[in-house]
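Grab a pencil and keep the 3D view open. Below are a few exercises, each with a worked solution to check yourself against.

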Amino acid sequence: MWRATVLTIFPEMFPGPLGLSLAGKALAAGLWSCAAVDIRDYATDKHRSVDDTPAGGGPGMVMRADVLARAIDAEADDARPRLLMSPRGRPLDQAGVAALAKGAGVVLVCGRFEGVDERLIEGRALEEVSIGDYVLSGGEVAALVVLDACVRLIPGVMGTAGSGVEESFAKSLLEYPHYTRPQTFEGRPIPESLLSGDHAKVAAWRRAQAESLTQARRPDLWQRYVARGAGKKTTEG
């Protein structure tokens, strides 16, 4: 079983939307588990405080190292990766997600307020991870993103084994366009290549479309693709 432990001051947010659809079915089937830990349970004062004023002054509050350390030591003292959701962290990408999904699970620490005491990050070897260049109210939404991205890659979660192979970012390319019935919609037909019945022609069209989209929309990914020696852009109708 792939095990997720989420440390948060809002445990009621989990599993949230991950209790539905394929992830929810996999959760019920025991393919993965989600333990939401209330950090406030490890506070020692009557107010269950998890934060305090920042050293050196300034606005806001900072999550305390001692409270978080007790929570981690009690609930997640194992070898799973410990990730702190943070806008200053390493950007999450598909390769990182795939590596996490292949492991035993993950420990996710959801920050709040101005941030987390740096000594806790160092002392408990937290790896800071970002889901994008923007700031959220807290790490919970980011943690749900990480979990969703990982869970769908666990064997048995997606109905088709190849579903995750041809997706965006899987090979440093954005995914090709998709079509289904009706054959013509508002005067726009399905591309003829997809109706040919020729599997090689379909594969060539999809690859060309993926390369074209990536080059136009994500030049950073395109350069990575070209650097791997894979980028020989073609054009298919």
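Contact means heavy atoms within 4.5 Å. This is a predicted model, where local features need pLDDT of at least 70 and side-chain atom pairs count only at pLDDT 80 or more, while totals for chains, interfaces and linings use all residues. Residues are numbered from 1 along each chain as its sequence is written, and side-chain values use heavy atoms, with hydrogens and water left out.

**Exercise 1.** Find what percentage of the protein's contacts between residues at least 6 apart in sequence join residues at least 24 apart.

Solution. Start with those contacts between residues at least 6 apart: 73% of them join residues at least 24 apart. Next, count the pieces: the protein has seven helices and nine strands (DSSP runs, numbered from the N terminus: helices are H or I with at least four residues, strands are E with at least two).

**Exercise 2.** Work out how α3 and α5 are placed relative to each other.

Solution. Two packed helices are described by the angle between their axes and the distance between the axes. Axes are lines fitted to C-alpha atoms, for helices over the stretch in contact, with angles running from 0 to 180 degrees between N-to-C directions. Here the axes of α3 and α5 come within 8 Å and cross at roughly 70°. That makes α3 roughly perpendicular to α5 (65 to 115 degrees; under 35 is roughly parallel, over 145 roughly antiparallel, the rest oblique). Now look at who meets whom: Val97, Leu100 and Ala101 in α3 touch Val146, Ala149 and Cys150 in α5.

**Exercise 3.** Track down the salt-bridge partners of arginine 88 and say where they sit.

Solution. A salt bridge needs a side-chain nitrogen of Lys or Arg within 4 Å of a carboxyl oxygen of Asp or Glu.
- Step one: arginine 88 pairs with glutamate 118, the closest N and O atoms being 2.5 Å apart. Arginine 88 is in strand β5 and glutamate 118 in helix α4, so this pair ties together parts 30 residues apart in sequence.
- Step two: arginine 88 also pairs with glutamate 128, with the closest N and O atoms 2.6 Å apart. Glutamate 128 is in strand β7, so this link ties together parts 40 residues apart in sequence.
- Step three: check accessibility (buried is under 20% relative accessible area, exposed over 50%, partly exposed in between, using a 1.4 Å probe and protein chains only). Arginine 88 has 53%, so that residue counts as exposed. Glutamate 118, at 34%, is partly exposed, and glutamate 128, at 17%, is buried.
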